[in-house]
Amino acid sequence: MQHNFVATPEGTALAYGSLVFMALLPIFFGALRSVNCGKSKNSSDMPETITGRDAARFPIIASCTLFGLYLFFKIFSQEYINLLLSMYFFVLGILALSHTMSPFMNRIFPANIPIKQYQLLFTQGSGETKEEIVNYEFDTKDMICLVISTVVGVWYILKKHWIANNLFGLAFALNGVELLHLNNVSTGCILLGGLFVYDVFWVFGTNVMVTVAKSFEAPIKLVFPQDLFEKGLGANQFAMLGLGDIVIPGIFIALLLRFDVSLKKNTRTYFYTSFLAYIFGLGMTIWVMHTFKHAQPALLYLVPACIGFPVVVALLKGELTEMFSYFQVSPDVRSGSNPGSGWATQEHSETCTKATPVLSWLCA
C-alpha cells in the first residue's frame, strides 16, 4: 500500500474502504471457484500447483524480478518500458477478464439464442510424436466475453483510467486465487513466510519497491482516488494496494476452504477464520500507514494474521495434525479420480508449474 498525499477524512475513508472491499471480492469468489477448478476442458483453466520447492525459491525470483524492473526504470526510458508492459498486460488482461466474466455470462445469456462451439487447436509434430501446444474450446458466450473484455482493454490502453485498471486488476487477482493452488498448508506457510521477509526488506530496507510501484504503469495494483469528491472520475491522487497483497494470502485462504470441504463436515470454519484474519490484517496495515504517513508492507500484518488465526482455531478444535497432513494433488497427476476431486492426503509429487513467474509479476 502506498500513501500519496494528505486528503480529506471523507476522501481517505472512501479510498481505503473501497480498497478493502475490492480486495475481498477476488479472495472470496476466487476461493469458491477454486473448489471446482479443473473441470474445464481447456488447459488454460486448469490450476497450477505450487509445491514446497516453488515456495522456497519464489522470494529470490521475486526479488530478482523487482530489482531488475528497478534497474530498467533507472537506465531506460520509463515511457517505452511502460508501453511494452501495457501491450503485454493488455493481452493478459483481456483473457483474465473474459475468464472472470464467463460464469456470469452463462447465467444471463438468453436461452433462445443459438450457441455455436469453436475450437482453437495448435499442435507440433505429426503421428505419434504430435503434441498439443494450444487446445482452447470456446463458444458464442465466450466470444461475447472476449469482445467486452477487449473494449475494456482498449479503454485502458488509451486512457489508463483507474476504473479500467481496477477491472483488469480484479480479474488478475480472482484468476490468481482460483488457478494457483498450494499443495498443502506447510507450503503455504513457507510461501507466506518468505514473502513476509521479502516485503519487509524491499519496503523498509530500500526505496526499490516504492519506486517500482510508482513507475510501473500496469494493472498489477488496485487504486482508488482520495480526491474523488473534489475531482469526480477525473481524480488523480490515489491510494493503492498491490495485487500480491491480495493473491498471496488469497491462495492460502482458498487452500483452507478446500481443506474445509475435505473434512466433509458441512462447515467452513477455517475459510471464514482466515477471511476475517485477512480483513483484520488489512485494517492494521491501513491504520499504521495512515498514522505514520509511510508506505507499509501489507504482508507484514497479513501473514501473521492469515496463518496465526487458523492455526489457533485448529489447536482449539484438535485438528492441527489433520490440517498439516492435508495434501492436494495436482490435477495432472491424479489417477482414478473424478475431475475436481482428489482433496485427500496423498504422497507428495513435484509438478512442473508456471505459477512462479506469474506470482513474480504480481509481487513486483
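Hi everyone, let me start with a contact: Asp227 and Lys231 meet through their side chains in a salt bridge, 3.8 Å from N to O. Before I go on, please keep in mind that this is a predicted model. Back to that pair, where the two partners sit in different surroundings: Asp227 has a relative accessible area of 4%, so it is buried, and Lys231, at 47%, is partly exposed.

How many salt bridges does a search of the whole structure find? It finds four, and I'd like to show you two others.

One joins Glu319 to Lys265, with an N to O distance of 2.4 Å. Glu319 belongs to the loop between H11 and H12 and Lys265 to the loop between H9 and H10, so this bridge ties together parts that are 54 residues apart in sequence. Glu319 counts as buried because its relative accessible area is 6%. Lys265 is partly exposed, at 46% relative accessibility.

The other is the bridge between Asp54 and Arg57, at 3.0 Å from N to O. Both residues are in helix H2, three residues apart, or about one turn of the helix. Is Asp54 buried or exposed? Its relative accessible area is 4%, so Asp54 is buried. Arg57, on the other hand, is partly exposed at 39% relative accessibility.

Let's stay with helix H2 for a moment and move along to the loop that follows. Phe76 is placed in the loop between helix H2, residues 52-75, and helix H3, residues 78-108. Together with Phe67, Leu71, Phe72 and Ile75, Phe76 makes a nonpolar surface patch of about 500 Å². Why can Phe76 be called partly exposed? Because its relative accessibility is 46%, and the partly exposed class runs between 20% and 50%.

Now for the annotation. The unreviewed UniProt entry places the feature "transmembrane region" at eight spans if you read them off the record: 13-35, 55-73, 79-97, 164-182, 189-213, 233-257, 269-292 and 298-316. I looked at two of these against the model. Residues 13-35 are 100% helix and 0% strand, with the end C-alpha atoms 34 Å apart. Residues 164-182 are 84% helix and 16% strand, and there the end C-alpha atoms lie 30 Å apart.

On to the aromatic rings, where there is plenty to look at on screen. The count comes to 17 aromatic pairs. Take Phe259 and Tyr326: the ring centres are 5.5 Å apart and the planes make 55 degrees, so this pair is tilted. Phe259 is in helix H9, residues 244-263, and Tyr326 is in the loop between helix H12 (320-325) and helix H13 (355-363), so the pair ties together parts 67 residues apart in sequence. Both rings belong to buried residues: Phe259 is at 1% relative accessibility and Tyr326 at 2%.

A second pair has another setting. Phe280 and Phe309 have ring centres 5.7 Å apart and planes at 35 degrees, so they too count as tilted. Phe280 lies in helix H10, residues 269-292, and Phe309 in helix H11, residues 299-317, so parts 29 residues apart in sequence are tied together. Here the residues are partly exposed, with Phe280 at 47% relative accessibility and Phe309 at 35%.

Which residues form one aromatic cluster? They are Phe28, Phe29, Phe271, Tyr272 and Phe275.

Finally, two lysines with backbone angles you may want to check on your own screen. Lys160 has phi near 50 degrees, a positive value in a residue other than glycine. Lys160 sits in the loop between helix H4 (140-159) and helix H5 (162-179), and it lies over the face of Tyr156, 5.2 Å from the ring centre. At 33% relative accessibility, Lys160 is partly exposed.

The other lysine is Lys264, which is not a glycine either and has a positive phi of about 55 degrees. Lys264 is in the loop between H9 and H10. With a relative accessible area of 74%, Lys264 is exposed.

That's my tour, and thanks for listening!

Conventions
Residues numbered from 1 in each chain as written. Predicted model: local features only at pLDDT ≥ 70, side-chain atom pairs only at ≥ 80, totals over all residues. Heavy atoms only, no water. Patch = residues over 30% accessible without salt bridge, like charges linked within 9 Å, V, L, I, M, F, W, Y side chains within 5 Å. Areas by Shrake-Rupley, 256 points an atom, 1.4 Å probe, with all protein chains shown as cover. Helix = DSSP H or I, 4+ residues; strand = E, 2+ residues; numbered from the N terminus. Buried < 20%, exposed > 50% of the residue type's maximum accessible area, 1.4 Å probe, protein only. UniProt positions renumbered as here; feature names shortened; annotations may be inferred. Phe/Tyr/Trp six-rings, centres within 6.5 Å; stacked < 30°, edge-to-face > 60°. Lys NZ or Arg CZ within 6 Å of the ring centre and 35° of its normal.
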